[in-house]
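I opened this model to look up its overall build, its surface and a few backbone angles, and I kept these entries as I went.

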Amino acid sequence: MFKIGEYVVYGMNGVCRVEEIGPMNLSGIDSNKEYYTLLPLYTKGSRVFTPVDNRKVVMRPVISRQDACNLIDEMKSVERIEVADDKHRELAYKEALKSCDCRELVRIINTVVKRKKERLAQGKKMSACDERYLKQAQDSLYGEFAISLKMEKDEVEDYIEHRITLKEMASAS
């Protein structure tokens with residue numbers, strides 16, 4: 001069970017802070033059942049109420065600082081989503097997002113970046129589908145990394161690029 005003040009990832013809501021734990025005082029709701037009141041960090045003005053024993057939506061602790069750094073160091077080698085047709089690729093993107101798994105988010109990012117380069121080389125623009133899922137994956141991943149790395153969300157992308165560059169320089173020497 002999570003504690004008040006802890007950060008969790010809750011489904012498509014992304015990173016949330018546990019605000020309260022206890023029964024809900026609403027008619028028609030079992031007063032013996034405990035609920036988390038979650039405050040999504042990157043969606044201002046919203047709250048999420050979910051049973052403590054909820055099994056339908058992924059709810060997990062935020063990735064640790066060490067695991068975030070390890071994943072950043074491995075980002076370039078994380079396999080891409082290899083699906084030839086657009087319809088199945090979009091389904092794979094959706095499943096990867098729903099998993100709330102940081103490595104799956106990196107897979108989306110790596111896939112879309114590679115596809116973008118290929119399309120630009122052919123004189124084509126990035127597809128709207130790829131653009132949409134890239135933004136969702138980056139928002140989710142960078143939001144979680146911001147908490148783990150104790151920095152602002154808008155600083156995460158630069159941090160990742162800097163860390164990857166340093167790693168590449170170190171391995172080149």
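Entry on surface. The accessible areas I quote come from the Shrake-Rupley method with a 1.4 Å probe. I was working on a predicted model, and for its chain I read an accessible surface of about 10,700 Å², of which 50% belongs to carbon and sulfur atoms. I then looked up burial and found that buried residues make up 38% of the 173 residues in the chain.

Entry on overall build. I counted through the secondary structure and noted five helices and five strands, which run along the sequence in the pattern β-β-β-β-β-α-α-α-α-α. For the extent of the chain I took the principal axes, along which the C-alpha atoms fill a box of roughly 60 × 40 × 25 Å. I also looked at the contacts with a separation of 6 or more, and 55% of them are between residues 24 or more positions apart.

Entry on charge. The chain carries 30 positive and 29 negative charges, and I noted that the mean positions of the two sets are 3 Å apart. I next asked myself which residues gather in a patch of negative charge on the surface. The patch holds Glu152, Asp154, Glu155, Glu157, Asp158 and Glu161. I followed up Glu152, which I found in the loop between helix H4 (128-149) and helix H5 (156-172). Glu152 has a relative accessible area of 53%, and I therefore entered this residue as exposed, the cut-off for that word being over 50%.

Entry on backbone angles. I reminded myself that most residues other than glycine have a negative phi, and then went through the exceptions that I had marked for a closer look.

Lys150 is one of them, with a positive phi near 55 degrees in a residue other than glycine. Lys150 sits in the loop between H4 and H5, the loop in which I had placed Glu152. Is Lys150 buried or exposed? I wrote down exposed, because the relative accessible area of Lys150 is 73%.

Cys100 is another, since I read a positive phi of about 60 degrees there although Cys100 is not a glycine. Where does Cys100 lie? I located Cys100 in the loop between helix H2 (86-99) and helix H3 (102-121). The relative accessible area of Cys100 is 6%, so I recorded this residue as buried, a word that I keep for values under 20%. My last note sets the two side by side: Cys100 is buried, whereas Lys150 is exposed.

Definitions and conventions:
Residues numbered from 1 in each chain as written. Predicted model: local features only at pLDDT ≥ 70, side-chain atom pairs only at ≥ 80, totals over all residues. Heavy atoms only, no water. Patch = residues over 30% accessible without salt bridge, like charges linked within 9 Å, V, L, I, M, F, W, Y side chains within 5 Å. Salt bridge = Lys/Arg side-chain N within 4 Å of Asp/Glu carboxyl O. Lys, Arg positive; Asp, Glu negative; His and termini not counted. Charge placed at Lys NZ, Arg CZ, Asp CG, Glu CD. Helix = DSSP H or I, 4+ residues; strand = E, 2+ residues; numbered from the N terminus. Buried < 20%, exposed > 50% of the residue type's maximum accessible area, 1.4 Å probe, protein only. Contact = heavy atoms within 4.5 Å.
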